[in-house]
Amino acid sequence: VVKMFGLFNNCNSLTEVDLSSFDTQDVTTMGAMFYRCSSLKEIDLSSFDTWNVTNMSNMFSYCTNLESIYIGEKWNVWRLSSNTSFEMFVGCTSLVGEYGATVGKKTDKTYAHANEGGYMKMKTTDGIEMVNINSQNDNKSDVWYDLQGRRLPVNPSLPGLYIRNNQKIIVK
């Protein structure tokens with residue numbers, strides 16, 4: 001596949017989609033791929049290789065309930081310009097990045113990353129979820145353990161690897 005333009009365009013009843021088997025290494029166009037998929041809450045693109053993609057315009061536009069976009073190590077937008085990533089995130093009013101960034105006036109490739117200010121979240125290949133200690137919920141029902149299996153009396157305040165509710169978590 002070389003062009004995925006509009007692949008799920010206007011699939012407003014789509015609530016989840018498994019994209020893990022998609023081979024995207026030769027794809028050049030992902031424009032409007034999820035345009036108006038208003039029922040999606042999260043999209044896992046961590047298996048996507050986007051090194052050859054030259055167009056992502058409107059890729060997530062008007063995904064109004066989309067809260068998380070997960071990307072992996074092969075996610076790259078270096079071939080995009082502001083014209084070929086135009087309104088990539090416009091109307092994504094529920095989207096929150098790894099460090100708490102929400103969609104503002106900038107909706108092009110400038111924020112198509114998981115670093116500070118980005119609208120995406122990094123998913124590592126080891127299955128460990130990344131958590132920013134400053135933006136995590138202080139949920140009283142969360143159960144935290146250290147790697148020796150000792151239950152912590154409070155949520156961890158130091159960066160490190162922990163177990164929360166039976167999941168490995170990296171606290172930054």
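Start with the whole chain in cartoon view: you'll find 7 strands and 0 helices. This is a predicted model. Reading from the N terminus, the elements simply run β-β-β-β-β-β-β.

**The whole chain**

Before zooming in, colour by accessibility. Of the 172 residues in the chain, 39% are buried. Switch on a surface and about 9400 Å² is exposed, with carbon and sulfur atoms supplying 48% of that area. If you like contact maps, take the contacts between residues at least 6 apart in sequence: 64% of them join residues at least 24 apart.

**Stop one: the open sheet**

Now select 42-45, 68-71 and 121-122. Residues 42-45 are strand 1 and 121-122 are strand 3, the two edge strands, each pairing on one side only. Residues 68-71 are strand 2, which runs parallel to strand 1 and is joined to it by 4 bridges. Together you have an open sheet of 3 strands, in the order 1-2-3, with parallel pairing. For a closer look at how strands 1 and 2 line up, pick E42: the residue opposite, in strand 2, is S68. As a reminder while you have the backbone on show, strands of a sheet pair through backbone hydrogen bonds, either parallel or antiparallel.

**Stop two: T50**

Next, move to T50, in the loop between strand 1 and strand 2. Is T50 buried or exposed? It counts as buried, because its relative accessibility is 0%, and the cut-off for buried is under 20%. So what is around T50? Leaving aside neighbours within four places in sequence, show M30, M56, K74, W75 and N76, and you have the residues T50 contacts. Put a distance label on one of these: the T50 side chain reaches the backbone nitrogen of N76 at 2.6 Å.

**Stop three: the antiparallel strands**

Finally, jump to 144-145, 160-164 and 167-171. The first range is strand 5, joined by 2 bridges to strand 6 (residues 160-164), and these two run antiparallel. Strand 6 also pairs in the antiparallel sense with strand 7 (residues 167-171), this time over 5 bridges.

R164 is a handy residue to click on here. On the strand 5 side, R164 is the bridge partner of W144; in strand 7, its bridge partner is Q167.

Which residue takes a positive phi in the hairpin of strand 6 and strand 7? Select N165: its phi is near 50°, and the hairpin has 2 residues between the strands.

How values were computed
Residues are numbered from 1 along each chain as its sequence is written. This is a predicted model: local features need pLDDT of at least 70, side-chain atom pairs count only at pLDDT 80 or more; totals for chains, interfaces and linings use all residues. Side-chain values use heavy atoms; hydrogens and water are left out. Two strands pair if DSSP finds at least two bridges between them. Buried means under 20% relative accessible area, exposed over 50%, partly exposed in between (1.4 Å probe, protein chains only). Contact means heavy atoms within 4.5 Å. Accessible areas come from the Shrake-Rupley method with a 1.4 Å probe; for residues, only the protein chains shown count as cover. A polar contact is a pair of N or O atoms within 3.5 Å; within protein, one must be able to donate a hydrogen and the other to accept it, and residues adjacent in sequence count only if both atoms are side-chain atoms.
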